[in-house]
Amino acid sequence: MSNSLRRYLITRVLMTIPMVLILVTMIFFIMRVLPGDPIRSQLGPRVSEEQADALRERLGLNRPLIVQYVDFIGDMVTFNFGTALTQGERPIKDELGERLPATIELTIPAITITAIIGIFSGAYAAKNRKKPIDYIIRLLSIVMSSIPIFFMGLVFQILFSVRIPIFPLSGRMDTLMLTTFDSPTNFYVIDAIITRNWPALWSAVTHLIMPSVTLGLALSGVFVRLTRVNMIEMLQSDFITAGRARGIAENRLVYKHALRNTFIPILTMLGLQFAILLAGAVLTETTFSLPGVGRYLVDRIQLRDYTAVQSTIAVFAMFVAGVSLLMDILYAFVDPRIRY
Amino acid sequence: MTDNKVLMQIRDLSVEYKTRLGMVSAVDHVSFEIYEGEILGLVGESGCGKSTMGKALMRMIQPPGRISGGQLIFDDEDIMTYDQKQMQAFRGRKVSMIFQDPMTSLNPVQRMDEHLVEAIQVHFPEISKEEALVKASELIERLGIQSNRMSSYPHQLSGGMRQRVMVALGLILNANLIIADEATTSLDVIVEAKLADEFRDIREEFGVTMLVITHNIALVAELSDRLAVMYAGHVVEIGDVYHVFDDPLHPYTKGLLHSVPNIKLDEENELYKMPGEPPNLTHPPSGCRFHPRCPKAMDICSRLEPDLIEVEPGRHVKCWLYEDHPEKTESTPEVAK
Amino acid sequence: MKNEIDINPTQEAQAETPEWLLDLDKVGFVRRLFLARKWYGGDWWFVAISAVFLLFFIIVGIFPQWFAPYDPSAEVGPSLLAPGVAPSSYVLVAPIESGNITVKDIGDKTNNIGFVIGSPASQSLREATDALNDSAPEGVRYQPRQMRYETLEEGLDALAAGEIDGFVASPDELSEVLDKYPTLQIANTLREDASKGFVMGTNQIGQDVFSRIIWGTRIALIVGLSSAMISLVIGVPLGLISGFVGGPLDRVLTLIMDSLYSFPGLILAIAIAAVLGAGIGNIIVSIAVLYIPTYYRIVRGQTLSVKKELYVEAARSLGTSWTKILTKYIFPNVIPSVVIIFSVNVGDAILTEAGLSFLGFGLPPDTPDWGIDLARGQDYVRRAWWLISYPGLMVSIVTLSFSMLGESLSEILNPKLTDR
């Protein structure tokens with residue numbers, strides 16, 4: 001590994017830690033310092049002050065802020081997320097672990113759709129700049145990013161589930177099938193393949209189509225525009241002109257040379273997109289009733305289970321930082337200027 | 001040199017481009033020839049249209065510019081009639097270009113060898129990668145780069161090496177005409193001198209024709225056989241380099257040569273500055289485009305545009321001083337041999 | 001030296017240039033804006049169209065009462081009425097000799113009105129009575145005595161026998177049996193305006209969807225514009241200072257802003273909103289926090305690049321004070337980007353707010369807000385499509401207008417994207 005690469009990677013990894021720290025600290029303070037008494041809201045007005053105090057005591061909320069903070073950070077580092085308020089006080093770690101596969105099964109196809117639509121539409125639009133197709137693609141991309149995800153999801157549900165019953169309305173799998181479905185990893189698609197349960201595979205996949213297409217389409221708008229702008233800049237660069245002077249065909253110049261160079265900033269953008277993806281996942285999971293971490297967050301907030309909320313958001317922060325780091329590492333390997 | 005075969009003939013070429021303030025005529029009805037085996041220098045101020053001319057010869061003018069008229073005859077064929085596929089076959093193979101900045105003109109994610117092999121395979125798909133690699137290595141070595149550096153990326157090479165790769169890309173397909181578009185402008189003087197020598201060697205060894213576009217008059221004086229001077233989209237003078245330097249005919253050429261700093265410290269010769277500014281090409285001056293700045297301007301110069309006429313074999317000037325016209329009131333001097 | 005311009009074959013190019021293009025610098029600003037459409041092509045139209053749309057929406061937002069026919073929180077019709085469909089109107093049946101009496105007339109006199117027990121007729125009667133009482137003078141109150149009957153026939157018998165003064169039923173039911181009662185006729189419809197439908201239907205509480213979305217415009221615009229303004233006012237100065245001053249302040253701020261920027265915005269907004277509680281001010285603050293990093297980043301980036309420009313260095317070497325450099329050199333360069341970000345920001349803020357309300361963390365539940373309507377309408381997706389379609393469309397169109405404005409402006413103003 002070259003020197004510059006090593007230096008880059010070390011810097012990047014070191015940068016992640018303060019970023020996560022900042023986010024987690026922010027969450028901590030939001031939960032405690034902002035006006036509004038979470039304990040009160042949790043318990044309701046009828047519970048006596050003593051009982052409220054008892055809960056505060058149990059959760060350690062009447063200790064000095066600094067002590068709480070240090071404890072909190074320690075907990076986060078060791079992944080000790082505490083227990084959920086309801087549902088028999090299950091450890092939150094387990095709850096999250098159970099729900100993570102659903103979210104991943106949703107987001108991976110979604111981001112693939114976004115990437116494919118985004119990159120190719122963006123490149124095509126850049127190549128045909130100021131021609132009608134360029135304006136059409138741009139208009140479509142703006143429309144895509146203006147429609148609320150949940151609205152798009154609802155419309156899809158009406159069109160393709162109610163009016164024309166092609167896809168199932170919601171959920172991860174046919175409820176009847178679920179009772180006999182054996183799922184060791186909780187990744188329904190993978191498990192169905194492993195256990196060779198083909199009807200279950202079909203059910204899982206068809207349940208995934210609408211949510212991931214909704215999420216993928218909604219996110220693609222921004223991506224198309226980002227790709228397009230980068231590609232336009234790229235197509236004006238000198239090496240493209242030089243390539244043209246050597247007789248290289250336009251298509252090759254655009255889709256091989258320019259695109260390969262654009263991949264580098266695109267990769268960074270993809271990392272940023274991931275954050276938007278998570279936000280979108282929250283809405284998509286709610287709309288399609290998928291039991292993922294996004295919906296878990298919403299449910300917990302509605303139940304005023306602040307421990308769970310805090311921990312979930314902290315996990316989100318770690319996740320986002322992790323993906324961002326991954327993207328940057330990939331970037332380092334793709335861009336020869338850093339690799340060598 | 002003038003009795004050599006004509007390699008490329010430019011006839012009545014016009015290039016214009018659209019700007020917010022109107023149509024700019026960057027090259028206006030220009031005609032001249034490039035002879036086989038020669039090095040033709042094309043000089044002029046910034047904005048005179050010489051770079052545009054270079055790009056136009058390969059039909060590389062991008063929107064909002066376009067070639068609005070004229071013919072480009074290469075090998076008895078007018079390349080203006082070529083379709084896209086024919087142009088792609090033409091570029092790099094018959095005429096190639098060497099660019100100004102080798103750092104930005106090379107694909108940062110492509111290795112040196114890939115650059116060259118791709119150029120070969122695009123034009124000769126039947127050549128295998130290994131064969132192409134061999135050809136590329138040979139050429140690289142001849143230009144003075146060790147072939148083991150071939151698998152490097154552009155940013156790993158020095159500036160001089162990058163420029164040599166650029167030259168290699170211009171030569172790899174045995175093009176007949178190489179256009180060097182400000183190829184030395186970004187280099188320091190020493191590297192520039194070396195490159196000039198190399199250009200001469202290349203011409204000797206490979207027998208290529210070169211069009212050297214530059215604003216550096218000294219370079220062109222050393223390197224070229226013939227010299228063409230451009231002003232405001234017109235070729236105003238063209239001829240053997242020695243003749244032009246010894247006896248510049250067009251007032252602009254005189255001014256241009258005069259303004260080159262002379263290293264001899266001479267009290268009498270102050271640095272000569274040509275009065276006025278290059279014209280706005282959205283509405284260029286009437287008649288001869290140089291007349292507002294010309295010390296020898298006559299009445300006819302503001303009304304009618306002169307033609308580029310041959311005043312002696314191999315020497316063309318576009319100026320009313322040397323052309324006759326019924327409306328002209330002054331007399332036309334004979335050009336001394 | 002004369003300067004005549006003769007017609008000369010080589011001068012064609014000049015004669016073809018239209019006059020208006022030549023004197024662009026001398027033309028006034030408005031005319032230049034208009035003439036620019038030729039140069040900027042499609043983008044100019046995008047900007048123009050979206051500007052018109054936005055102007056319209058802003059007017060609707062400022063004066064919703066001009067556009068909305070009803071009070072958005074009032075129950076003005078039967079629940080879940082489809083768009084354009086007139087609610088089945090209930091009519092008052094009375095003896096022919098009573099003539100075309102109305103509820104008011106009955107109320108003035110003996111005061112007995114009957115209806116079938118449990119039928120929606122009672123609702124209609126109640127509404128009619130309420131409407132009557134609303135328009136009645138001080139001190140006057142109508143309260144017809146309500147007589148309940150098991151079936152329609154029993155009621156009509158009683159009416160024919162004179163036991164009651166009027167009977168409320170729907171025309172459909174009556175059409176079958178009224179022939180059997182020669183002494184009775186349909187006297188009047190219960191309410192004059194009962195035959196009017198609602199252009200976008202009603203929701204499950206009976207509120208007019210159209211009025212709700214009109215008033216929703218005001219809320220959306222208030223939230224969107226306010227939160228964007230706050231983000232701008234905080235983010236831009238921070239970016240300027242950070243970029244200009246540099247040093248450890250810059251590094252720390254950038255770290256914080258980058259962390260914030262890379263975090264899913266909606267989730268952060270949810271967290272803040274959940275803690276602060278419902279309420280329009282809190283929502284505005286929650287959303288504002290999300291976009292501060294965007295302004296910060298762009299402004300800081302531009303500040304840094306302008307700072308490096310030679311003309312700034314030249315100014316500094318001449319001793320220009322840094323406030324002057326900031327205001328004269330850096331700030332004007334920053335303005336176009338800020339305008340663009342602002343436009344896209346407002347659109348995004350409206351989307352976020354809708355998302356927040358949809359999830360239940362937004363505004364108080366009785367606010368006429370698009371997100372809230374979408375959330376409420378979710379359960380009625382199958383039978384009442386209009387509950388979600390119109391609010392959803394409104395969000396999309398308004399956001400679209402803002403985004404289109406920002407996007408096209410960005411295409412026009414971005415120097416790297418111009419052809420030269």
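The paragraphs below lead through three chains of a predicted model, from single elements to the contacts between chains.

Residues are numbered from 1 along each chain as its sequence is written, and chains are lettered from A, with ligands numbered from 1, in the order in which they are written. Because the model is predicted, local features need a pLDDT of at least 70 and side-chain atom pairs count only at pLDDT 80 or more, while totals for chains, interfaces and linings use all residues.

Chain B offers a starting point in an open sheet of four strands, ordered β2-β1-β4-β5 with antiparallel pairing. Strands here are DSSP runs of E of at least two residues, helices are runs of H or I of at least four, and both are numbered from the N terminus; two strands pair if DSSP finds at least two bridges between them. The edges of the sheet are held by β2 (22-35) and β5 (77-78) of chain B, and because each has a single partner strand, one side of each is left without a neighbour in the sheet. Within the sheet, strand β1 (residues 6-19) of chain B pairs with strand β4 (residues 65-74) of chain B in the antiparallel sense over eight bridges, and B:M8 has B:F74 of β4(B) as its bridge partner. Helix α1 (residues 50-57) of chain B lies across β1, β2 and β4 of chain B and runs at about 65 degrees to β2(B), where axes are lines fitted to C-alpha atoms, for helices over the stretch in contact, and angles run from 0 to 180 degrees between N-to-C directions.

Some backbone details belong to this part of chain B. In the loop between α1 and β4 of chain B sits B:P64, and the peptide bond that leads to B:P64 from B:P63 is cis, with omega near 10 degrees. B:H29, a residue of strand β2 of chain B, has a positive phi of about 50 degrees although it is not a glycine. B:D75, which is not a glycine either, has a positive phi of about 55 degrees and is placed in the loop between β4 and β5 of chain B. Are these residues buried or exposed? A residue counts as buried if 20 or more other C-beta atoms, placed from the backbone, lie within 10 Å of its own, as exposed if 12 or fewer do, and as partly exposed in between. B:H29 is buried because 21 other C-beta atoms lie within 10 Å, whereas B:D75, with 11 C-beta neighbours inside 10 Å, counts as exposed.

Further along chain B, helix α9 (residues 251-258) has B:P251, B:Y252, B:T253 and B:L256 buried. The buried residues of α9(B) pack against α7 (217-223), β9 (226-231), β10 (234-240) and α8 (241-246) of chain B.

Chain C has 17 helices and five strands, and 41% of its 420 residues count as buried. In strand β2 (residues 112-116) of chain C, four of the five residues are buried, so this strand is largely enclosed by the rest of the structure. β2(C) runs parallel to strand β3 (residues 145-149) of chain C, joined by five bridges, and is also parallel to strand β4 (residues 166-169) of chain C, joined by three bridges. C:I113 stands opposite C:Q146 in β3(C) and opposite C:G166 in β4(C).

Chain A touches both of the other chains. How many residues does the contact between chains A and C take from each? It takes 47 residues from chain A and 43 residues from chain C, where two residues are in contact if their C-beta atoms, placed from the backbone, lie within 7 Å. On the side of chain A that touches chain C, the largest share, eight residues, comes from α12(A). By class, that side has 36 nonpolar, seven polar and four charged residues; Ala, Val, Leu, Ile, Met, Phe, Trp, Tyr, Cys and Pro count as nonpolar, Asp, Glu, Lys and Arg as charged, and the others, Gly among them, as polar.

The contact of chain A with chain B takes 16 residues from chain A and 24 residues from chain B. α11(A) gives the most to the side of chain A that touches chain B, with five residues, and the residues of this side divide into seven nonpolar, four polar and five charged.
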